[in-house]
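Morning, everyone. I have one structure to walk through today. Please have the view open as I talk.

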Amino acid sequence: MHQNGSARDFATDVASWLDDLDDDALIQRRDAAELAIQQMGITFTVYSDKGNIDREWPFDIIPRIISDREWRAVEAGLKQRIRALNCFIHDVYNEQAIFNDGVVPRDLIETSTNFRPECLGLTPPHSVWAHICGSDLVRDKDGTVYVLEDNLRVPSGVSYMIENREIMKRTVPELFSRCRVRPVDNYTSNLRRMLASLSPVPNPTLCVLTPGVFNSAYFEHAFLAQEIGAELVEGRDLVVQDDTVYMRDVNGLIKVDVLYRRVDDAFLDPSCFNPDSKLGVAGLMDAWRAGNVAIANAPGAGVADDKVVYSYVPDIIRYYLNETPTLANVPTYRCSDPDSLAHVLDNLDALVVKPANESGGYGMLIGPHSTAEQQAAMADNIRANPRNYIAQPTLSISTSPTLCGGGEDPLSLAARHVDLRPFVLQGDDITVTTGGLTRVALVPGSLVVNSSQGGGSKDTWIVEDGVEGAPS
């Protein structure tokens, strides 16, 4: 929307559709979406002190709309970023040229909780370590699209992106005939093709390794396994013999060629990492080192999923690709730097502070929305371990019209802050989802969009804007 409240050119069809609906019709569509979510069994789990709570997926029927012209630039930037990040990870575990050349400090990696010395000297297929990346994007008030972070361990959310589109098709089918919306349902075929490219075996056996039904993303694990024709397995379903991974089946053992793991590194192999882990299988790392199974994402890929490493990504792109970064990083203060540390401690009420390796919005301080007590507690945390913290200015991130309801007006439309998580796949080639998962902060004024922290979601529409050269 423009600041005067009028719709941008590429969003006028949706705006006029909304204008044509009376209150009863809008209520009907909202209720139909909620019914579809129940029928499709779309849920997510929130961890709390009172136990795990299984909730229906929070969804807003007003789509977020992005022009195809803008999206093509973002897509190119994401491809550039994943290429550079994979060059970086491979270098970390092999030549370490970027340290020797003084571009990234060596001690940054040696103190990273996600650095895995067990991976030194290894080369996975295509020299690619991070096969699936979810990068979080926001748009600032001046229109600049910033990358907030790159999720390279076990990024989640893509199943909700696909299901959001299905909900919209059921709820507002006539709107798709008005708007030229690019599809999102090719992600699962791209995922299967990418995973298969990691194995030399024709038509390899694929498995999705899940921590189990109590994991917050279990819905997604089951969804993706079904969509890509993979077996959904837990650690207890696997066994390693002679450096080969097998899946237990009623007919005996079946060799596993590619494992799409949704289990953190530390729990993958109790004989190599956490000895108490029941989520992985002993011997998995030996099988991977022997080249008898491919693992996506590869163990050790999380070394680049560190918010301090994030601050070096523009340098990493220039170093490996000799290209100018096309997507912007948010200006970042590294608390390990004494001058930056002093600035951060003096301005906690104005900055967003993040721990280096947390996810889901946990452990953050959003200065303008924080209390003096919260700022004092964060200051203590930073002083105790400066390496583990970064800080960024509070952006005026963009909003999207959202059907909020509540109070005396159950159908009120209001502006709510949003971000966007596209998903990037890299195997023998690179593909990017068309748009991604739009997360929306449902609380007025809040900047926290994570579903685990009360956020909701929208379908993201990349619409053709009539620009010459736009894909059909």
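**Strands, helices and two buried residues**

Start at a pair in the sheet: Thr438 stands opposite Lys458 in β23. This is a predicted model, so keep that in mind throughout.

Stay with strand β22, residues 437-440. Its partner β23 covers residues 456-463. The two run antiparallel, and 3 bridges join them. Now look at the other pairing. Strand β19, residues 413-421, pairs with β22, also in the antiparallel sense. Here there are 4 bridges. Thr438 turns up again: Leu420 stands opposite Thr438 in β22. So what do the side chains of β22 do? In a regular strand the side chains alternate between the two faces of the sheet. In β22, Leu437 and Arg439 point one way. Thr438 and Val440 point the other way. All four of these residues are buried.

Next, another sheet. Three strands form an open sheet, in the order β8-β9-β10. The pairing is antiparallel. Which strands stand at the edges? They are β8, at 238-241, and β10, at 252-255. Each has a single partner strand, so one side of each is left without a neighbour in the sheet. Neighbouring strands of this sheet are turned by 40° against each other on average, ignoring direction. As background, strands of a sheet pair through backbone hydrogen bonds, either parallel or antiparallel.

Zoom in on β9, residues 244-249. Strand β9 runs antiparallel to β10, with 4 bridges joining the two. Arg248 stands opposite Leu253 in β10. How many residues lie between β9 and β10 in their hairpin? There are 2.

Now the helices. Take α2, residues 23-40, and α6, residues 158-171. They pack at an angle of about 130°, and their axes are 9 Å apart. Why call them oblique? The roughly perpendicular range ends at 115 degrees, and roughly antiparallel means over 145. An angle of about 130° falls in neither class, and α2 and α6 are therefore oblique to each other. Their crossing is right-handed.

Who meets whom? On the α2 side we have Arg29, Ala32, Ala33, Ala36, Ile37, Gln39 and Met40. On the α6 side, the residues are Glu163, Glu166, Ile167, Arg170 and Thr171. The residues of this contact divide into 6 nonpolar, 2 polar and 4 charged.

Two single residues to finish. First, Ser340, in helix α13, residues 338-346. Buried or exposed? Ser340 has 15% relative accessibility, and the cut-off for buried is under 20%, so Ser340 counts as buried. Leaving aside residues up to four places away in sequence, Ser340 touches Tyr333 and Arg334.

Then Arg182. Where does Arg182 lie? In the loop between α7, at 173-178, and α8, at 187-196. Its relative accessible area is 16%; that is under the 20% limit, so Arg182 is buried too. Compare Arg182 with Arg64. They are 118 residues apart in sequence. In space, C-alpha to C-alpha, Arg182 and Arg64 are 13 Å apart.

That's my tour. Over to you.

How values were computed
Residues are numbered from 1 along each chain as its sequence is written. This is a predicted model: local features need pLDDT of at least 70, side-chain atom pairs count only at pLDDT 80 or more; totals for chains, interfaces and linings use all residues. Side-chain values use heavy atoms; hydrogens and water are left out. Axes are lines fitted to C-alpha atoms, for helices over the stretch in contact, and angles run from 0 to 180 degrees between N-to-C directions. Angles under 35 degrees count as roughly parallel, over 145 as roughly antiparallel, 65 to 115 as roughly perpendicular and the rest as oblique. A crossing is left-handed if the near helix is turned anticlockwise from the far one by less than a right angle, and right-handed if clockwise. Contact means heavy atoms within 4.5 Å. Ala, Val, Leu, Ile, Met, Phe, Trp, Tyr, Cys and Pro count as nonpolar, Asp, Glu, Lys and Arg as charged, and the others, Gly among them, as polar. Buried means under 20% relative accessible area, exposed over 50%, partly exposed in between (1.4 Å probe, protein chains only). Two strands pair if DSSP finds at least two bridges between them.
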